[in-house]
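Please open the model in your viewer, show the side chains as sticks, and keep the sequence panel visible beside it. The tour below goes from one selection to the next and says what can be found at each stop.

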Amino acid sequence: EETVRRSGGGAVLAGFDPDELANVMVGLIEDEPALVSMRQAARKHAVEAYGIDRFQVTLAAAMDALDRGG
């Protein structure tokens, strides 16, 4: 939920109500610009959080910590 809210890459529902889910889905289908915006935001977040550049930085930091004995 936090990732979806922070990234803007989706909709967070109040609960597990099928009618709420259906309404949100229909709303997004009818609002293509909003849907496209969410898709772009989700992809941007995924690349920044889990992409190769992020992996390389994380790996380098881990290797540096090991070199320092940590």
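Which kind of interaction joins the side chains of Arg-6 and Glu-2? Select the two residues together, bearing in mind throughout that this is a predicted model, and you will find that their side chains meet in a salt bridge, with 3.0 Å from N to O. Both residues belong to helix α1, where they sit four residues apart, or about one turn of the helix, and Arg-6 and Glu-2 are both exposed.

**Stop 1: the start of the chain**

Next select Glu-1, which lies in the segment before α1, and add Arg-5 to the selection. These two residues form a salt bridge whose closest N and O atoms are 3.0 Å apart. Glu-1 has a relative accessible area of 61% and is therefore exposed, while Arg-5, with a relative accessible area of 52%, is exposed as well.

**Stop 2: helix α3 and its two sides**

Now select residues 32-50, which make up helix α3. At 1.5 Å a residue, the 19 residues of this helix should span 27 Å, and a distance drawn between the C-alpha atoms at its ends comes to 26 Å, which agrees with that expectation.

Which residues of α3 are buried? Colour Met-38, Ala-41 and His-45, for these are buried in the helix. If you then turn the view so that you look down the axis of α3, the buried residues fall within an arc of 65°, so they line one face of the helix. Show α1 (2-7) and α2 (18-30) as well, since the buried residues of α3 pack against these two helices. On the other side of α3, give a second colour to Glu-32, Pro-33, Arg-39, Gln-40, Arg-43 and Lys-44, which are exposed.

**Stop 3: His-45**

Staying in helix α3, centre the view on His-45. Its relative accessible area is 17%, and because buried means under 20%, His-45 counts as buried. What is His-45 in contact with, once its neighbours within four places in sequence are left aside? The residues to display around His-45 are Thr-3, Arg-6, Ser-7 and Tyr-50. Arg-6 thus appears again, having been met earlier as the salt-bridge partner of Glu-2.

**Stop 4: the salt bridge within α3**

Select Glu-48 and Lys-44, both in helix α3 and four residues apart, which is about one turn of the helix. They form a salt bridge in which the closest N and O atoms are 3.1 Å apart. At 49% relative accessibility Glu-48 counts as partly exposed, whereas Lys-44, at 51%, counts as exposed. With this pair the tour of salt bridges is finished, for the count comes to three.

**Stop 5: Tyr-50**

Move along helix α3 to Tyr-50, which is exposed, with a relative accessible area of 64%. To see how this residue is placed with respect to the beginning of the chain, draw a C-alpha to C-alpha distance from Tyr-50 to Val-4: the two are 46 residues apart in sequence and 15 Å apart in space. A second such distance, from Tyr-50 to Glu-1, gives 17 Å in space for a separation of 49 residues in sequence.

**Stop 6: the loop between α1 and α2**

Select Ala-11, which is found in the loop between α1 and α2 and is partly exposed, with a relative accessible area of 42%. Leaving aside its neighbours within four places in sequence, Ala-11 is in contact with Val-4, Val-24 and Met-38. Of these, Met-38 is one of the buried residues of α3 already coloured, and Val-24 is 13 residues from Ala-11 in sequence but 7.7 Å from it in space, C-alpha to C-alpha.

**Stop 7: helix α4 and its surface**

Finally, select residues 52-67, helix α4. Its 16 residues should span 22 Å at 1.5 Å a residue, and the C-alpha atoms at its ends are 22 Å apart, which agrees. Which residues make a nonpolar surface patch of about 520 Å²? Show Ile-52, Phe-55, Leu-59, Met-63 and Leu-66 with their surface, as these make the patch. Leu-66, at 56% relative accessibility, counts as exposed. Past the helix, end the tour at Gly-69, which follows α4 and has a positive phi, near 85°.

Note on methods. Residues numbered from 1 in each chain as written. Predicted model: local features only at pLDDT ≥ 70, side-chain atom pairs only at ≥ 80, totals over all residues. Heavy atoms only, no water. Expected span 1.5 Å × (residues − 1). Buried < 20%, exposed > 50% of the residue type's maximum accessible area, 1.4 Å probe, protein only. Arc of directions from axis to C-beta. Contact = heavy atoms within 4.5 Å. Patch = residues over 30% accessible without salt bridge, like charges linked within 9 Å, V, L, I, M, F, W, Y side chains within 5 Å. Areas by Shrake-Rupley, 256 points an atom, 1.4 Å probe, with all protein chains shown as cover. Salt bridge = Lys/Arg side-chain N within 4 Å of Asp/Glu carboxyl O.
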